[in-house]
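Subject: Structure for your review

Dear colleague,

Please find the structure enclosed for your consideration. I would be grateful if you would read the notes after it with the model open beside you.

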Amino acid sequence: MEKEIRLIRFDWAIKNILRDKANFDVLEGFLGDLLERKITILEILESEGNQESESDKFNRVDILVKEESGEKIIIEIQNNREVHYLERLLYGSSKVITESMKRGGHYREVQKVISVSIVYFHMGENPDDYLYYGKTDFRGVHSGSKLILKRKEEKVYKEVEPYNIFPEYWLIEVESFQDIINDTLDEWIYFFKNETIREDCKSESLKKAKEKLDFLKLSKEEQSRYTRYLENLAIEKDVILSAREEGREEGREEGREEGADSREEELVAAMLKNKLSPGDISRYTGIAIERILEIKKKHNL
């Protein structure tokens, strides 16, 4: 059996190590294996400015980078289920697009956005894959032919396909991956799931990354912070699962119609008691923030 080398989690690495220009090569390596082309990162454009609560730093980590071609790439890691996750992805990519335009600017300033999500939960029912890709295409309703635009750039006409303008989305469901390695991207996903790389790893970029992601290469202070991060991550997952179970149990004795409202109320109350914020609860359950605040007031939590 191949030997494995234990590495730190990718989300913690993004938060604490990979924002340093000297470590851009790790992100470049992953994106290169995913997109199957050479990636050169020019700069990190933002950090976790979208945190709404203390627990977000465990539940979600994201980073926005600008690539040499001018494309902007969002890399996000989500640890817990979020009901309206796809809607938030759409909002996130749209926000990057609108913020990239100068006020009163021309539409040609719109920049291409690629959204890459690494999630540790099943997004659909009965998942039969672990890698999903989505892009926008236009086809003739009757002919089925693709819409291709011709634009004049520097006195030369070039063909442009809509997917090169609209955002693209990559979804990696880590928990659905069966640890079967078929290519270099699978080696990265194996690392995301198991926090190790196999000795027979073929991805040159992942081989280079292991030096920077080796737990033993961290300072004593960094090792302590990383250990606390893992502990807090485990606690948050346990709190969410416990709150859901508590809410289900307390709502089982109610009638069908009343029971639905009761289960919702008990679930929210249990999550509030476990110190989750109203914003977090709304994202995890899909319950309106107004309803959550109403329950919070009712139970004096």
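The notes below begin with the whole chain and then turn to helix pairs and individual residues.

**The chain as a whole**

Please bear in mind that this is a predicted model. The protein chain contains 10 helices and 10 strands. Of its 301 residues, 43% are buried. Among the contacts in the chain with a separation of 6 or more, 63% are between residues 24 or more positions apart. The exposed surface comes to about 17,500 Å², and carbon and sulfur atoms supply 49% of that area.

**Helices α2 and α5**

Helix α2 spans residues 24-35 and helix α5 spans residues 184-194; their axes lie 8 Å apart, and the packing angle is about 125°. That angle makes α2 oblique to α5. The crossing of the two helices is left-handed.

On the α2 side, the residues that meet α5 are Val26, Gly29, Phe30, Asp33 and Leu34, while α5 contributes Thr184, Leu185, Trp188 and Phe192. Sorted by class, this contact consists of 6 nonpolar, 2 polar and 1 charged residues.

**Helices α9 and α10**

A second helix pair is formed by α9 (residues 278-285) and α10 (residues 289-298), whose axes come within 9 Å and cross at roughly 125°. An angle over 115 degrees that does not exceed 145 falls outside the perpendicular and antiparallel ranges, and α9 and α10 are therefore oblique to each other. Their crossing is right-handed, whereas that of α2 with α5 is left-handed.

From α9, the contact draws on Pro278, Gly279, Ile281 and Ser282; from α10, it draws on Ile289, Ile292, Leu293 and Lys296. These residues divide into 5 nonpolar, 2 polar and 1 charged.

How much of α9 is buried? The buried residues number 6 of the 8 in this helix, so α9 is largely enclosed by the rest of the structure. They are Pro278, Asp280, Ile281, Ser282, Arg283 and Tyr284. Pro278, Ile281 and Ser282 are thus buried and also belong to the contact with α10. After α9 comes Gly286, which has a positive phi near 80°.

**Residues around this second pair**

Ile289 is located in helix α10. With a relative accessibility of 33%, Ile289 counts as partly exposed. Beyond its neighbours within four places in sequence, Ile289 touches Pro278, Gly279 and Ser282, each of which is part of the α9 side of the helix contact. The C-alpha atoms of Ile289 and Pro278 are separated by 6.5 Å, and the two residues are 11 residues apart along the chain.

Val268 belongs to helix α8, which covers residues 256-273. Its relative accessibility is 0%, and Val268 accordingly counts as buried. Which residues does Val268 contact, leaving aside its neighbours within four places in sequence? They are Ile281, Ile287, Ile292 and Ile295. Of these, Ile281 and Ile292 also take part in the contact between α9 and α10. The C-alpha atoms of Val268 and Lys296 are 8.1 Å apart, with their positions 28 residues apart along the chain.

**A residue in strand β4**

Ile74 is situated in strand β4, residues 72-78. A relative accessibility of 11% places Ile74 among the buried residues. When neighbours within four places in sequence are set aside, its contacts are Ile63, Leu64, Gly92, Ser93, Val96, Val113, Ile114, Ser115 and Val116. For one of these, Gly92, the C-alpha atom is separated from that of Ile74 by 8.6 Å, at 18 residues apart along the chain.

**Positive phi values outside glycine**

Two residues other than glycine deserve mention for their backbone angles. Asp179 has a positive phi near 65° and is found in the loop between β9 (168-173) and α5. Its relative accessible area is 29%, which means that Asp179 is partly exposed. Asn300 likewise has a positive phi, near 55°, and lies in the segment after α10. In this case the relative accessible area is 69%, so Asn300 is exposed.

I hope these notes are of use as you examine the model.

With kind regards

Conventions. Residues are numbered from 1 along each chain as its sequence is written. This is a predicted model: local features need pLDDT of at least 70, side-chain atom pairs count only at pLDDT 80 or more; totals for chains, interfaces and linings use all residues. Side-chain values use heavy atoms; hydrogens and water are left out. Axes are lines fitted to C-alpha atoms, for helices over the stretch in contact, and angles run from 0 to 180 degrees between N-to-C directions. Helices (H or I, at least four residues) and strands (E, at least two) are DSSP runs, numbered from the N terminus. Angles under 35 degrees count as roughly parallel, over 145 as roughly antiparallel, 65 to 115 as roughly perpendicular and the rest as oblique. A crossing is left-handed if the near helix is turned anticlockwise from the far one by less than a right angle, and right-handed if clockwise. Contact means heavy atoms within 4.5 Å. Ala, Val, Leu, Ile, Met, Phe, Trp, Tyr, Cys and Pro count as nonpolar, Asp, Glu, Lys and Arg as charged, and the others, Gly among them, as polar. Buried means under 20% relative accessible area, exposed over 50%, partly exposed in between (1.4 Å probe, protein chains only). Accessible areas come from the Shrake-Rupley method with a 1.4 Å probe; for residues, only the protein chains shown count as cover.
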